[in-house]
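Hi,

Here is the structure I promised to pass on. Have a look through it first, and then read my notes below.

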Amino acid sequence: MPITHITLIIPSLHGGGAERSALNLATGFAARGIHTELLLLKDPGDLGAQIPDSVQVTVYGRTRTLGALLDLRRYFRQHHPDAVISFLSHANLLVLVAHMLARSDIPVIPTVRSDLDIQLRDSRKERVIVLLSRLIFRRAARVIGVSEGVSESIRRHIIARNVETIYNPTVMPHVAAQAQGPP
């Protein structure tokens with residue numbers, strides 16, 4: 001069955017690697033004729049001006065990511081994209097909890113961007129996120145790691161099945177054009 005509608009969920013587009021990836025993916029999906037929705041839990045952020053008109057944008061405007069839980073549950077009950085891709089560890093958890101509360105059958109695909117061995121050493125908060133991920137990522141249709149090392153750490157610390165490696169979509173046409181110009 002071809003994918004005709006996809007939703008990407010991220011807290012905001014305040015310029016970082018995950019934010020740039022979400023924007024690149026949204027732009028790429030829309031350019032291929034897929035109805036693409038970018039759902040921002042907080043605000044558009046620095047990269048918001050770069051969202052193409054072909055991408056539908058929904059902004060919940062919450063001050064904290066957790067504040068969007070009921071918004072996301074409602075989203076899963078009222079909308080039916082072919083798949084949802086989420087970005088950033090705390091948002092991944094929130095999206096999967098909302099998905100569970102809504103009793104949705106929409107495939108959710110969280111993306112993991114950092115080596116969990118490092119996260120487990122960083123802070124108590126990061127250790128709690130990894131522990132909760134072990135319980136909640138079972139709801140995911142697939143889990144994406146952005147490198148072989150990240151995927152291996154997901155298999156080791158969170159979930160052994162349905163983990164795939166997909167590298168960041170970083171080379172966009174405007175980057176290739178700029179590379180041809182003077183340094």
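**Strands first**

Strand S1 (residues 5-10) and S4 run parallel and are joined by four bridges. Keep in mind as you read that this is a predicted model. One of the places to look at is Ile-9, whose bridge partner in S4 is Ser-86.

S4 covers residues 83-87, and five of its five residues are buried, so the strand is largely enclosed by the rest of the structure. Which way do the residues of S4 point? Ala-83, Ile-85 and Phe-87 go one way, while Val-84 and Ser-86 go the other way, and all of them are buried. S4 also pairs with S5, again in the parallel sense, over four bridges. There, Phe-87 has Thr-111 in S5 as its bridge partner. If you follow the chain, S4, H3 and S5 make up a right-handed β-α-β unit.

Now back to S1 and its pairing with S2. These two strands pair in the parallel sense over six bridges, and Leu-8 stands opposite Leu-38 in S2. Between S1 and S2 the chain passes through helix H1 (residues 17-31), and this β-α-β crossover is right-handed too. Strand S2 (residues 35-40) has five of its six residues buried, so this strand is also largely enclosed by the rest of the structure. S2 then pairs with strand S3 (residues 55-59) in the parallel sense, over five bridges. Leu-40 has Val-59 as its bridge partner in S3.

**The cores**

The largest nonpolar core has 31 residues. Those with the most contacts inside it are Leu-41, Leu-72, Phe-76, Val-143 and Ile-154. Which elements give two or more residues to this core? They are helix H2 (69-78), helix H3 (89-101), strand S5 (108-112), helix H5 (124-136) and helix H6 (148-157). H3 gives the most, with six residues. Apart from this core lies another one, of 21 residues, with Leu-8, Ala-26, Leu-40 and Ala-83 among them.

**Phe-76 and what surrounds it**

Phe-76 is a good residue to click on. At 2% relative accessibility, Phe-76 counts as buried because the cut-off is under 20%. Leaving aside neighbours within four places in sequence, Phe-76 is in contact with Val-84, Val-95, Ala-98, His-99, Ala-102, Ser-104, Ile-106 and Val-108.

How many aromatic pairs does a search of the whole structure find? It finds one. The pair is Tyr-75 with Phe-76, and its geometry is edge-to-face, with 6.1 Å centre to centre and 80 degrees between the planes. Tyr-75 is buried as well, with a relative accessible area of 2%.

From Phe-76 you can step across to His-99, which lies in helix H3. His-99 counts as buried, at 3% relative accessibility. Not counting residues up to four places away in sequence, His-99 touches Phe-76, Ser-104, Asp-105, Ile-106, Val-108 and Arg-139.

**H6 and the C-terminal strand pieces**

The buried residues of H6 are Val-150, Ser-151, Ser-153, Ile-154 and His-157. They cover an arc of only 160 degrees around the axis, so they sit on the same side of H6. Why might residues spaced like that face the same way? An α-helix has 3.6 residues a turn, so residues three or four places apart point the same way. And what do the buried residues of H6 pack against? The list is S5, helix H4 (116-122), H5, strand S6 (143-145) and S7.

Val-163 is a handy place to finish, and this residue lies in strand S7 (residues 163-165). Val-163 counts as buried, at 10% relative accessibility. Val-163 and Val-143 are 20 residues apart along the chain, yet their C-alpha atoms are separated by 4.8 Å. Leaving aside neighbours within four places in sequence, Val-163 is in contact with Val-143, Ser-151, Ile-154 and Arg-155. Two of those names should ring a bell: Val-143 and Ile-154 are among the residues with the most contacts inside the largest nonpolar core.

Cheers

Notes
Residues numbered from 1 in each chain as written. Predicted model: local features only at pLDDT ≥ 70, side-chain atom pairs only at ≥ 80, totals over all residues. Heavy atoms only, no water. Core = buried A, V, L, I, M, F, W, Y, C linked by side-chain atoms within 4.5 Å. Buried < 20%, exposed > 50% of the residue type's maximum accessible area, 1.4 Å probe, protein only. Contact = heavy atoms within 4.5 Å. Pairing = 2+ DSSP bridges. Right-handed = clockwise from strand over helix to strand, strands pointing away. Phe/Tyr/Trp six-rings, centres within 6.5 Å; stacked < 30°, edge-to-face > 60°. Arc of directions from axis to C-beta.
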